[in-house]
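Subject: Structure for your review

Dear colleague,

Please find below the structure that I am handing over to you, followed by an account of what was found in it.

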Amino acid sequence: MIRSGGWVLAIAALLWTASAFAQNEAKDYPSRPIRIIVPTPAGGPVDVMARLLANALPPVLGQNVFIENKPGAGNTIGSRQAAAADPDGYTLMVSAASGLIMSPMIVKSAGYDASSFAPIALVAETPQVLVINAQLPFKSVAELVAYAKANPGKLNYSTGGVGTLPHLNAELFKSASGTSIMHVPYKGGGPSLTAVVAGEVQMTFDTVSTSLQLILDGKLRALAIVGPKRAPELPDVSSMPEVGFPAVTSGAWTALMAPKDTPPAIIAKLNAATNSALQGETMKNALAKLGAQPRGGTPQELTDHIQREVTKWKPIVAALNLQVE
């Protein structure tokens with residue numbers, strides 16, 4: 001028979017063993033390649049940022065980092081898989097406000113929310129831009145709004161799915177402008193943007209990072225920057241406040257996340273590696289070409305950022321009544 005004091009010693013021994021194992025595991029981390037799940041298709045804004053980071057991390061971590069795209073259902077399929085992965089630091093996720101915050105508010109069957117993850121670091125931020133097919137006659141937001149009001153339901157806008165940031169920005173724009181423009185969801189930001197270039201739909205809200213070259217090549221026309229000020233990469237494009245829509249000013253950000261309960265020592269290593277990668281000239285130059293700003297920072301700073309975003313978007317989602325099954 002083990003006396004109560006023996007039980008205490010036994011439990012203490014088990015806790016010490018578990019702690020020592022976790023410390024050794026973190027000390028050896030990473031000992032094999034790391035997978036980053038991206039809950040969007042290849043070629044979209046989130047995927048582009050994730051691949052830049054995946055290319056910059058191996059020299060810092062000493063292991064290969066590969067991307068696995070798991071798109072669909074408003075970013076919820078890949079996000080749910082990432083949330084359910086083993087919290088060992090070998091399955092991570094790069095996501096944005098769309099998949100991490102908005103989709104769980106809108107899609108009842110999402111099966112996760114921001115609290116399902118351990119924040120690592122904010123990666124980058126970039127403004128969004130309202131773009132239209134280059135063959136359309138509209139040269140300004142005012143002309144677009146005038147046509148939409150005179151022809152309700154005749155214009156379509158594409159997004160990467162219900163609950164994505166372009167979806168929310170488009171609905172805010174419709175509400176603020178008093179227009180009726182139809183939503184056509186695609187399987188991700190890449191297909192959504194391609195649809196506008198091809199003329200399948202007339203417009204979308206996209207990040208400057210992924211639409212810039214298409215704008216410069218004349219395949220898209222930019223009407224307004226979705227931010228409080230103009231973008232340096234598109235200095236001749238007015239901001240939404242300048243054209244009369246100050247409420248439509250939400251830019252895009254991407255963050256590196258791990259499944260909840262990932263050991264703090266592993267989170268710390270990944271945070272340090274991400275900050276180091278973001279400070280490197282290769283990453284800085286690549287982001288600059290895309291009109292994106294490197295961010296970084298501590299896990300707590302990302303936690304606070306996410307909470308501010310949840311607080312901001314929750315009443316907007318509720319007011320727009322966008323919930324789906």
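Helix 9 (residues 208-216) lies across strand 5, strand 8 and strand 9 of this predicted model, and its direction makes about 120 degrees with that of strand 8. Helix 8 (residues 189-198) also lies across strand 5 (128-133), strand 8 (203-207) and strand 9, as well as strand 6. Helix 8 runs at about 35 degrees to strand 5.

The strands named here belong to an open sheet of five strands, ordered 7-6-8-5-9 and mixed in its pairing. Strand 7 (182-185) and strand 9 (220-226) each have a single partner strand, so one side of each is left without a neighbour in the sheet. On average, and with direction ignored, neighbouring strands of this five-stranded sheet are turned by 30 degrees against each other. Four bridges connect strand 6 (residues 156-159) with strand 7 in the parallel sense; Asn156 has Met182 of strand 7 as its bridge partner.

A further open sheet is built from six strands in the order 2-1-3-10-4-11, again with mixed pairing. Its edges are formed by strand 2 (65-69) and strand 11 (293-296), each of which pairs on one side only. Here the average turn between neighbouring strands is 25 degrees, direction ignored. Strand 1 (residues 34-38) and strand 2 run parallel and are joined by five bridges, and Ile37 has Glu68 in strand 2 as its bridge partner. Helix 12 (residues 299-320) packs on this sheet, where it touches strand 4 (117-126) and strand 10 (252-259). The direction of helix 12 makes about 75 degrees with that of strand 4.

Turning to the nonpolar cores, the largest comprises 48 residues, and those with the most contacts inside it are Leu100, Leu130, Phe173, Met203, Phe205 and Met240. Helix 5 (residues 97-106) supplies the largest share of this core, six residues. Beyond four places away in sequence, the residues touched by Leu100 include Tyr112, Phe117, Trp253, Met257 and Ile306. A second, separate core has 37 residues, among them Ile36, Ile120, Ala258 and Leu287.

Finally, the axes of helix 10 (residues 264-279) and helix 11 (residues 281-289) come within 4 Å and cross at roughly 65 degrees, which makes helix 10 roughly perpendicular to helix 11. Helix 10 contributes Ala277, Leu278 and Gln279 to the contact, and helix 11 contributes Glu281, Met283, Lys284 and Leu287. By character, the residues of this contact are four nonpolar, one polar and two charged.

Yours sincerely

Definitions and conventions
Residues are numbered from 1 along each chain as its sequence is written. This is a predicted model: local features need pLDDT of at least 70, side-chain atom pairs count only at pLDDT 80 or more; totals for chains, interfaces and linings use all residues. Side-chain values use heavy atoms; hydrogens and water are left out. Axes are lines fitted to C-alpha atoms, for helices over the stretch in contact, and angles run from 0 to 180 degrees between N-to-C directions. Helices (H or I, at least four residues) and strands (E, at least two) are DSSP runs, numbered from the N terminus. Angles under 35 degrees count as roughly parallel, over 145 as roughly antiparallel, 65 to 115 as roughly perpendicular and the rest as oblique. Contact means heavy atoms within 4.5 Å. Ala, Val, Leu, Ile, Met, Phe, Trp, Tyr, Cys and Pro count as nonpolar, Asp, Glu, Lys and Arg as charged, and the others, Gly among them, as polar. A nonpolar core is a set of buried Ala, Val, Leu, Ile, Met, Phe, Trp, Tyr and Cys residues joined through side-chain atoms within 4.5 Å. Buried means under 20% relative accessible area, exposed over 50%, partly exposed in between (1.4 Å probe, protein chains only). Two strands pair if DSSP finds at least two bridges between them.
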